[in-house]
Amino acid sequence: MLANKRILLGVTGGIAAYKCAELVRRLIKRGAQVQVVMTDNATRFIPAMTLAAVSGNAVRTSLWDEQAELNMGHIELARWADLILIAPASADTIARLAGGHCSDLLTTLCLATDRPIAIAPAMNRLMWSNPATQDNVSKLTARGAQFIGPAVGELAERETGPGRMVEPAELEEFCAAQFGEGVLAGQHVLITAGPTREPIDPVRFITNRSSGKMGFAMAAACADAGAKVTLVAGPVVQPTPPGVTRIDVETAEQMHKATLDAAPGCDVFIATAAVADYKPGFAADSKIKKDAASQQLDLIRNPDILADLAAKHPDIFSIGFAAETDDLQTYARGKMQRKKLDMIAGNWVGAGKGFDTDDNALWVAWPGGEQELGPAPKGVLARDLVALIAKRQAAATEQASKDNSA
Ligand code: C5P
């Protein structure tokens with residue numbers, strides 16, 4: 001249940017910090033990705049190098065690390081996480097979180113995130129039971145933070161009482177339980193992504209500006225949500241997300257065939273590909289010479305993958321993307337009706353918008369409803385769209401079974 005889940009582990013100053021190496025190792029072994037952020041005091045108990053080695057990622061200790069801010073800035077880090085786990089959490093960090101401080105990287109991240117925050121306190125028993133700490137815990141609980149522990153037992157100072165950090169094995173189980181069954185568990189999702197290339201001759205082709213980023217982000221988000229994912233990709237430079245089966249194609253004809261071949265047994269189809277609408281009616285076998293003063297290119301229509309799939313498999317919940325420069329909502333709804341789709345995600349394209357950008361905004365519609373998503377990084381948007389797809393698909397399935405029994 002932790003495969004591909006992104007856990008941001010915040011480590012604060014306490015002797016239990018030494019147990020974090022085992023915690024990270026356990027989470028990684030379950031398939032999670034872990035990024036560690038340490039407070040200054042935490043580095044007095046365990047070297048950052050140890051946690052970097054077990055997590056496989058550089059450990060962040062400062063808000064003012066220029067190189068780290070260039071790579072994954074603190075806001076991206078806050079959005080990257082599926083879950084923020086602070087273990088061990090000191091009385092001081094808990095107080096600063098309750099006060100809404102952002103005096104170091106960890107507290108800043110916690111203020112800048114909308115992801116769940118889990119806190120595993122570790123401190124002296126009197127510090128824990130002090131009304132100041134208890135007030136802070138109540139405040140954070142009221143705001144949605146979850147507390148795990150502290151456990152009761154022998155403390156570092158040889159006193160006994162509540163204050164021990166719960167053991168790494170228990171924290172591992174806690175993390176796994178947070179994710180439970182993904183919203184697309186048991187579903188098979190088919191996705192097209194990227195542009196297509198339509199050859200003119202052996203060295204030239206017609207293509208478009210699609211980078212494949214949105215489609216690959218959708219594939220990653222569907223896999224994270226527990227789906228089996230088949231991704232039919234045009235020519236793009238994108239790494240295959242973990243757990244995704246990728247089929248590479250070049251032309252619209254190849255994409256059409258690969259997609260329809262993969263469709264039987266699928267539950268959801270997401271067409272993010274920017275398929276070339278036309279291809280040269282004739283592709284020359286040899287390079288065309290520039291002898292003529294002018295040239296004409298005869299273009300013929302490519303097959304519509306989405307419309308064909310939706311017509312052939314009305315039982316597959318089909319989602320189209322509509323990239324538009326004008327009158328987005330009218331054109332997008334028109335496409336949904338014409339291609340007989342269950343949902344359409346419209347986005348603006350044009351100077352600096354849509355193609356090859358990291359951020360995007362979507363206007364999503366389905367028969368009888370609509371919702372705006374973003375602007376947000378494509379990864380965040382993909383996760384939100386997947387949640388919406390799962391919700392609409394469940395509603396459509398329920399409606400279909402009502403109609404059948406009526
Ligand atoms: O008709 P238009 O190209 O604007 O529709 C966009 C939607 O249809 C996208 O989801 C795109 O992936 C899909 N499409 C397709 N095959 C085509 C053209 C578009 O699957 N030949």
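These legends describe close-up views of one predicted model, from the overall chain to single residues. Residues are numbered from 1 along each chain as its sequence is written. In this predicted model, local features need pLDDT of at least 70 and side-chain atom pairs count only at pLDDT 80 or more, while totals for chains, interfaces and linings use all residues, and side-chain values use heavy atoms, with hydrogens and water left out.

**Figure 1. The protein chain and its two domains.**
The secondary structure comes to 14 helices and 19 strands. Helices (H or I, at least four residues) and strands (E, at least two) are DSSP runs, numbered from the N terminus. Domain 1 covers 6-177, and domain 2 covers 188-280 + 298-405. These bounds come from an automatic or database domain assignment. The C-alpha centres of domain 1 and domain 2 lie 38 Å apart. Along its principal axes, the C-alpha trace spans about 90 × 65 × 35 Å. Of the 406 residues, 49% count as buried. Buried means under 20% relative accessible area, exposed over 50%, and partly exposed in between (1.4 Å probe, protein chains only). The chain exposes about 19800 Å², with carbon and sulfur atoms supplying 52% of it. Accessible areas come from the Shrake-Rupley method with a 1.4 Å probe; for residues, only the protein chains shown count as cover. Take contacts (heavy atoms within 4.5 Å) between residues at least 6 apart in sequence: 67% of them join residues at least 24 apart.

**Figure 2. The five-stranded open sheet.**
The strand order is β2-β1-β3-β4-β5, and the pairing is parallel. Two strands pair if DSSP finds at least two bridges between them. β2 (33-38) and β5 are the edge strands, each pairing on one side only. Inside the sheet, β3 and β4 run parallel and are joined by four bridges. At one of these positions, I84 has I117 in β4 as its bridge partner.

**Figure 3. Helix α5 and its packing.**
Helix α5 spans residues 91-98 and is largely enclosed by the rest of the structure, because six of its eight residues are buried. The buried positions are A91, T93, I94, R96, L97 and A98. They pack against three strands and three helices named here: β3 (83-89), β4 (117-121) and β5 (146-147), with α6 (105-111), α7 (125-129) and α8 (131-142). Just after α5, G100 takes a positive phi of about 70 degrees.

**Figure 4. Strand β8 between two parallel partners.**
Six of the six residues of β8 (residues 188-193) are buried, so the strand is largely enclosed by the rest of the structure. In a regular strand the side chains alternate between the two faces of the sheet. Both faces of β8 are covered. H188, L190 and T192 are buried on one side; V189, I191 and A193 are buried on the other. β8 pairs with β11 (residues 228-233) in the parallel sense over six bridges. There, A193 stands opposite A233. β8 also pairs with β13 (residues 268-271), again in the parallel sense, over four bridges. V189 stands opposite V268 in β13.

**Figure 5. The loop residue S210.**
S210 sits in the loop between β10 (204-206) and α10 (213-224). Its relative accessibility is 11%, so S210 counts as buried. A polar atom of the S210 side chain lies 3.4 Å from the backbone nitrogen of G212.

**Figure 6. The ligand and its surroundings.**
The residues around the ligand are A271, A273, V275, D277, P303, D304, I305, L306, G320, F321, K335 and K339. Each has a heavy atom within 4 Å of the ligand. A ligand nitrogen is 2.8 Å from a polar backbone atom of P303. A ligand oxygen is 2.9 Å from a polar backbone atom of L306. An oxygen of the ligand is also 2.9 Å from an N or O atom in the side chain of K339. Taken alone, the ligand exposes 440 Å², and the protein buries 86% of that.

**Figure 7. K339 and its contacts.**
K339 is found in the loop between α13 (328-338) and β17 (343-348). A polar contact of 2.7 Å joins the side chains of K339 and D304. A polar contact is a pair of N or O atoms within 3.5 Å; within protein, one must be able to donate a hydrogen and the other to accept it, and residues adjacent in sequence count only if both atoms are side-chain atoms. Leaving aside neighbours within four places in sequence, K339 is in contact with D304, L306, A307 and A310. Both D304 and L306 also belong to the ligand's surroundings.
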